[in-house]
Amino acid sequence: MNVGDRVRLLTGTEEGIVTRLLDSELVEVAIDNDFTIPVLRREVVVVAQEEGNNFDRTTPDYRVGQVPGKNANASKKDKSAAKPVAARPAQPSLAEALAAVASSGAGVAKINTPAPGAKQAPAAKGVFLALVHQSPELLGVTLINNTEAEVLYTYGEETSTRPYRALAADKLGPKSTTKPLSFLHMKDFETWPAVIFQLLPHRLNGDAAYELLTKRQAFKASTFYSSNRPAPVIGKEAYLFQLDEKPAAAIEPEQLTQEAPAAPAPAPAKPAGVDAAALKAQLTGDAPAKPAAVVAAATPAPTGPVVAPPHEFDLHLEALRPNHKEDLSNTAILRIQLDAFEDALSRALATNMHEIVFIHGMGNGVLRKEIHRQLSRNKDIKFFEDARKEKFGFGATLVRLK
C-alpha cells in the first residue's frame with residue numbers, strides 16, 4: 001500500500017485515497033477527497049484497476065491530475081455524465097472588442113480569436129514542482145521532468161516541529177512525471193510543510209557529471225495563486241514552480257580526478273580527569289610530592305521520581321490540552337492521544353500499579369482499536385476489558401497489570 005492508492009473501507013462502502021503513511025499499522029485516507037481520517041491498514045483494501053472489467057464499472061484512472069470521486073468509479077448509469085463536452089471558443093473582453101472596432105474603421109470589425117485547435121506556446125524546459133488538483137480541495141504534489149535527461153531525485157518535507165522527513169526517492173525519465181508524492185489540503189494552507197527536493201541530472205553515455213541541486217520550496221498566498229498555469233508533460237492546469245531556475249553545474253573532468261584532501265590528524269587528547277596545573281607544580285618542585293589531583297567527573301543530575309498516573313486516565317483532547325485553541329486534524333489529535341496513552345501506561349508499570357482505566361470515548365472506534373492492539377502485544381499486561389459499562393458504556397478500557 002502506497003501514497004496515492006485508492007482504497008475501500010472494509011467496514012462500509014466508502015472509498016478514498018491514501019494521503020499519508022502514519023506508521024507501520026496506520027494510514028491517512030481522504031474520504032470524498034476532502035474529509036481525512038486515520039485508518040488501520042487491515043481495515044482497508046486497495047481498489048484494483050481490474051475491478052472495472054469484472055463488475056462493469058469504469059476503471060479508475062490513476063494518472064497524475066486525475067479527479068477521483070464519482071467519475072472515477074461511476075456506475076453504468078453515470079457513464080453518460082462522463083461524455084466530453086465541446087470546448088467553447090473564448091469570448092473577447094470589452095477592451096479587445098473596442099480595440100478591434102477602432103482598428104477596423106467603419107463597419108463591423110472582426111475580432112481575431114484563437115482557433116479551436118491552435119497550439120499553445122511550448123512549455124519551458126526544466127524540472128517542475130506541480131500541485132495538481134485531485135478534487136477542489138485536494139492537491140497532489142508531483143514532480144515533472146520536462147528535459148531530455150533522466151533525473152535522480154529525493155523528496156522530503158520540513159515542518160516547524162520536524163526539520164526534515166524523507167518521503168520518496170526514485171529516478172524520473174525524460175519528459176515524464178511522477179505519481180503524487182504526497183497530498184495537501186487547501187483548508188490547511190497556512191500549515192503546509194515546506195517541500196525539499198534534491199535533483200541530480202543524468203544522461204546515459206553522457207560526457208559530463210553534474211553537481212547535486214537542492215531546492216526548498218515554501219508556499220505563500222501572495223505568490224501561490226498566481227502560479228496557476230498549464231503544466232508541461234501532463235497538459236493540465238497546476239500550481240507550477242520551477243526547481244532548476246539555476247541549472248545544475250557540470251563538474252569539470254579535472255575536478256573528478258582530484259583526490260579529497262586528507263583530514264588533519266586529531267591533536268592528542270589530554271588525559272581525562274587530570275588537573276594539568278597541579279601536575280606541573282609537582283614536576284617543578286613547587287608543590288609537595290603527592291599524586292596529581294584528579295578532577296571528579298561531573299555526576300548527572302538525579303532524575304525526578306516517576307509520578308503514577310490517576311486511576312482513571314482521560315484521553316479526550318479537552319482533558320489532555322484544556323487550553324488549546326488551534327485547529328488540529330484528526331491525525332494530529334490521534335497522535336496526541338496515543339502518546340498520552342503510552343506515557344501513562346509506562347508510568348503505571350514503573351510505579352507497580354495493579355490496574356488503570358483509560359477513558360477513550362466511543363467516536364469512530366479508531367482510538368479504542370489502536371489501544372487494544374498495543375495492549376494485546378504488551379507482555380506486562382495481565383488482561384484488559386471494557387470498564388464498568390454502566391458508567392462508561394463502551395468508552396473506557398480497564399487494564400490489569402502484572
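**Helix packing, an aromatic cluster and loop contacts**

Helix α7 (residues 330-350) and helix α8 (residues 366-376) approach until their axes come within 11 Å, crossing at roughly 35°. These values, like the others in this passage, come from a predicted model. Distance and angle are the natural pair to quote here, because two packed helices are described by the angle between their axes and the distance between the axes. The crossing of α7 and α8 is right-handed. On the α7 side, the contact is made by L334, Q337, L338, F341, E342 and L345. Helix α8 answers with V366, L367, E370, I371, Q374 and L375. Sorted by class, the contact of α7 with α8 draws on 8 nonpolar, 2 polar and 2 charged residues.

The α8 positions are worth a second look with the helical repeat in mind. An α-helix has 3.6 residues a turn, so residues three or four places apart point the same way. In α8, the residues that are buried are V366, L367, E370, I371, H372, R373 and L375. These buried residues do not pack against α7 alone: their partners are β4 (35-40), α7, β20 (381-386) and β21 (396-401).

Stepping back to the whole chain, the secondary structure comes to 9 helices and 21 strands. The chain has 402 residues, of which 34% count as buried. Among contacts between residues at least 6 apart in sequence, 56% join residues at least 24 apart. The accessible surface of the chain comes to about 25,600 Å², and carbon and sulfur atoms account for 56% of that surface.

Aromatic side chains offer another view of the interior. The count of aromatic pairs comes to 14. One of them joins F224 and Y239, whose ring centres lie 4.3 Å apart with the planes at 20°; planes under 30 degrees apart count as stacked, so this pair is stacked. F224 belongs to helix α3 (residues 221-224) and Y239 to strand β16 (residues 237-242), so the pair links distant parts of the chain, 15 residues apart. Both F224 and Y239 are buried. The two rings also take part in a cluster, in which ring pairs link F189, W192, F219, F224, Y225, Y239 and F241.

F189, a member of that cluster, is placed in the loop between β11 (182-185) and β12 (194-202). Although F189 sits in a loop, the residue is buried, with a relative accessible area of 9%. Beyond residues up to four places away in sequence, F189 touches F219, K220, A221 and F224. For A221, the separation from F189 is 32 residues in sequence and 8.4 Å in space, C-alpha to C-alpha.

Two further loop residues, T147 and K125, can be described in the same manner. T147 is found in the loop between β7 (138-146) and β8 (150-158). With a relative accessible area of 17%, T147 is buried, as the cut-off for burial is under 20%. Not counting residues up to four places away in sequence, T147 touches G126, V127, P174 and K175. S176 lies 29 residues from T147 in sequence, with 8.8 Å between the C-alpha atoms. K125, by contrast, is exposed, with a relative accessible area of 51%. The loop that holds K125 runs between α2 (94-104) and β6 (126-135). Leaving aside neighbours within four places in sequence, K125 is in contact with N146, E148, K175 and Q242. K175 thus appears among the contacts of T147 and among those of K125. From K125 to N145 the separation is 20 residues in sequence and 8.4 Å in space, C-alpha to C-alpha.

Backbone angles complete the picture. Most residues other than glycine have a negative phi, and most peptide bonds are trans. Against that background, V233 has a positive phi, near 70°. V233 is located in the loop between β15 (228-230) and β16, where V233 is partly exposed at a relative accessible area of 40%. N352 also has a positive phi, near 60°. This asparagine lies in the loop between α7 and β19 (355-359). N352 counts as exposed, at 61% relative accessibility.

Conventions
Residues are numbered from 1 along each chain as its sequence is written. This is a predicted model: local features need pLDDT of at least 70, side-chain atom pairs count only at pLDDT 80 or more; totals for chains, interfaces and linings use all residues. Side-chain values use heavy atoms; hydrogens and water are left out. Rings of Phe, Tyr and Trp (its six-membered ring) pair if their centres lie within 6.5 Å; planes under 30 degrees apart count as stacked, over 60 as edge-to-face and the rest as tilted. Helices (H or I, at least four residues) and strands (E, at least two) are DSSP runs, numbered from the N terminus. Buried means under 20% relative accessible area, exposed over 50%, partly exposed in between (1.4 Å probe, protein chains only). Axes are lines fitted to C-alpha atoms, for helices over the stretch in contact, and angles run from 0 to 180 degrees between N-to-C directions. A crossing is left-handed if the near helix is turned anticlockwise from the far one by less than a right angle, and right-handed if clockwise. Contact means heavy atoms within 4.5 Å. Ala, Val, Leu, Ile, Met, Phe, Trp, Tyr, Cys and Pro count as nonpolar, Asp, Glu, Lys and Arg as charged, and the others, Gly among them, as polar. Accessible areas come from the Shrake-Rupley method with a 1.4 Å probe; for residues, only the protein chains shown count as cover.
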